[in-house]
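Work through the exercises below with the sequence and the model open. Try each task before reading its solution.

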Amino acid sequence: MAKQDYYEVLGIGKNADAAEIKKAYRKMALKYHPDKNPDNSEAETKFKEAAEAYEILSNADKKSRYDQFGHQAFDGAGGFSGGNMNMDDIFSQFGDIFGGGFGGGGGFSGFSGGFGGGGQRRVKGTNMRIRVKLTLEEIANGVEKKVKVRRKVQAPGTTYKTCSTCNGAGQVMRVTNTILGRMQTATTCTTCGGAGQTIDKKPNEADAQGMLVKEETVSIKIPAGVVEGMQLKVTGKGNEAPGNGISGDLLVAIEEETHASLQREGDNLHYDLYVSLPDAVLGTSKEIDTVTGKVRIKIDAGVQSGKILRLRGKGIPSINGYGKGDLLVHVNVWTPKTLSKEQKDFFDSMRDDEHFEPKPEVGDKSFFEKVKDMFS
């Protein structure tokens, strides 16, 4: 479904200035605010769409790019993930625009997505990062890895109490007198860090936040087809947060181990097969490695060095579910460097034999044609 024009979302013209854009967004945000529309998914969608439009149009650089290229200017990177952004993110980014319209002074008491309890937001623990090395076989088939991590958890016996500075709201309201009137803004409480709670009691081994480090075994399910540098997320397996906060995530960076005989290129694999001159002349069969075990392939008599045999579906599965890549077998005819006298005499007698004269046929592709076919 195509995205709606940002100007249409806010109900303004393309010549609207910053003040008009802000006024239009505030009007839409108040209309579809979750406090006024509890359990209304359509209103929540419109609320997020308005935030997305405002995030782009209120930024001069992004607005310029949008006016020139439209939504394509933000596809892939640099854009606003409005559909994936939660309400906490929207409120923290644009919260001051609402003034005192809700919650008796800027709080959002009716919304349960993280600002429940008089505007208190749930603090999230920090993320953790690890690297996991995988073989080509594991990448091709998918694997479940069990790793040990040392993460912060709440110490047993730790209790918390309501922050006396913000009274559990997690935010402190500040009123400033300006030439335009009284401006009200909400800032994160510096005493509790926005959690709304502070330490009441904690065991001696815990740190100042009531946390301690614990070693834990985490199971990570890795899908087939991952690539070097890809990052997977295990939700909630990072460091825990104090009080009623939520745990951070465990971010898993993929590393690919070098294979002894196979080389990866995207979803395709490459294998260098060396055959002797007699085998190339007479034909043979050879056993080669694949990521699912060994297979035997036929080498036709008269095979030329540089020929590429394609084994379809013997490569790596696509991470996006678009089938499997191929295994490309590169045939290399091995020319001996030392010969006995009898062998030299034999090949010397074959110099003028018509069977040994190069006679490339139309079907014998050049090196560059083979490379082109390999990447097509």
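**Exercise 1: a residue in a short helix**

Isoleucine 139 sits in helix α6 (residues 136-141); helices here are DSSP runs of H or I with at least four residues, strands are runs of E with at least two, and both are numbered from the N terminus. This is a predicted model, in which local features need pLDDT of at least 70, side-chain atom pairs count only at pLDDT 80 or more, and totals for chains, interfaces and linings use all residues. Residues are numbered from 1 along each chain as its sequence is written, and side-chain values use heavy atoms, with hydrogens and water left out.

Task: Is isoleucine 139 buried or exposed, and which residues does it touch, not counting residues up to four places away in sequence?

Solution.
- Step 1. Take the accessibility. Isoleucine 139 has 0% relative accessibility, so it counts as buried. The classes are buried under 20% relative accessible area, exposed over 50%, and partly exposed in between (1.4 Å probe, protein chains only).
- Step 2. List the contacts, meaning heavy atoms within 4.5 Å. Beyond four places in sequence, isoleucine 139 touches Leu134, Ala224, Gly225, Val226, Glu256, Arg264 and Ile316.
- Step 3. Check one distance. The C-alpha atoms of isoleucine 139 and isoleucine 222 are 8.1 Å apart in space, with their places 83 residues apart in sequence.

**Exercise 2: two helices and their contact**

Task: At what angle do helix α3 and helix α4 pack, and which residues meet?

Solution.
- Step 1. Find the geometry. Helix α3 (residues 41-57) and helix α4 (residues 60-69) pack at about 100°, and their axes are 6 Å apart. That angle makes α3 roughly perpendicular to α4. Axes are lines fitted to C-alpha atoms, for helices over the stretch in contact, and angles run from 0 to 180 degrees between N-to-C directions. Roughly perpendicular covers 65 to 115 degrees; under 35 is roughly parallel, over 145 roughly antiparallel, and the rest oblique.
- Step 2. Name the residues. From α3 come Glu55, Ile56 and Leu57; from α4 come Lys62, Lys63 and Tyr66.
- Step 3. Sort them by class. The contact has three nonpolar, no polar and three charged residues. Nonpolar covers Ala, Val, Leu, Ile, Met, Phe, Trp, Tyr, Cys and Pro; charged covers Asp, Glu, Lys and Arg; the others, Gly among them, are polar.
- Step 4. Look at the charges. Lysine 62 and glutamate 55 form a salt bridge between their side chains (2.6 Å, N to O). A salt bridge needs a side-chain nitrogen of Lys or Arg within 4 Å of a carboxyl oxygen of Asp or Glu. Lysine 62 is buried at 16% relative accessibility, and glutamate 55 is buried at 10%.
- Step 5. Add lysine 63. This α4 residue is buried at 17% relative accessibility. Leaving aside neighbours within four places in sequence, lysine 63 contacts Tyr7, Lys14, Ala16, Ile21, Ile56 and Leu57.

**Exercise 3: salt bridges elsewhere**

Task: How many salt bridges does a search of the whole structure find, and which parts does the pair of aspartate 249 and lysine 124 tie together?

Solution.
- Step 1. Count. The search finds 17 salt bridges.
- Step 2. Take the pair. The side chains of aspartate 249 and lysine 124 meet at 3.1 Å, N to O, in a salt bridge. Aspartate 249 lies in the loop between β8 (231-234) and β9 (250-256), and lysine 124 in the loop between α5 (87-94) and β1 (128-134), so the pair ties together parts 125 residues apart in sequence.
- Step 3. Compare the partners. Aspartate 249 is buried at 5% relative accessibility, whereas lysine 124 is partly exposed at 43%.
- Step 4. Look for a network. Salt bridges link Arg151, Glu216 and Lys237.

**Exercise 4: two loop residues**

Task: Where are glycine 210 and asparagine 167, and is each buried or exposed?

Solution.
- Step 1. Glycine 210 is in the loop between β6 (197-201) and β7 (211-222). Glycine 210 is buried, at 0% relative accessibility.
- Step 2. Asparagine 167 is in the loop between β3 (159-162) and β4 (171-178). Asparagine 167 is exposed, with a relative accessible area of 64%.
- Step 3. Check the backbone. Most residues other than glycine have a negative phi. Asparagine 167 is not a glycine, yet has a positive phi of about 55°.
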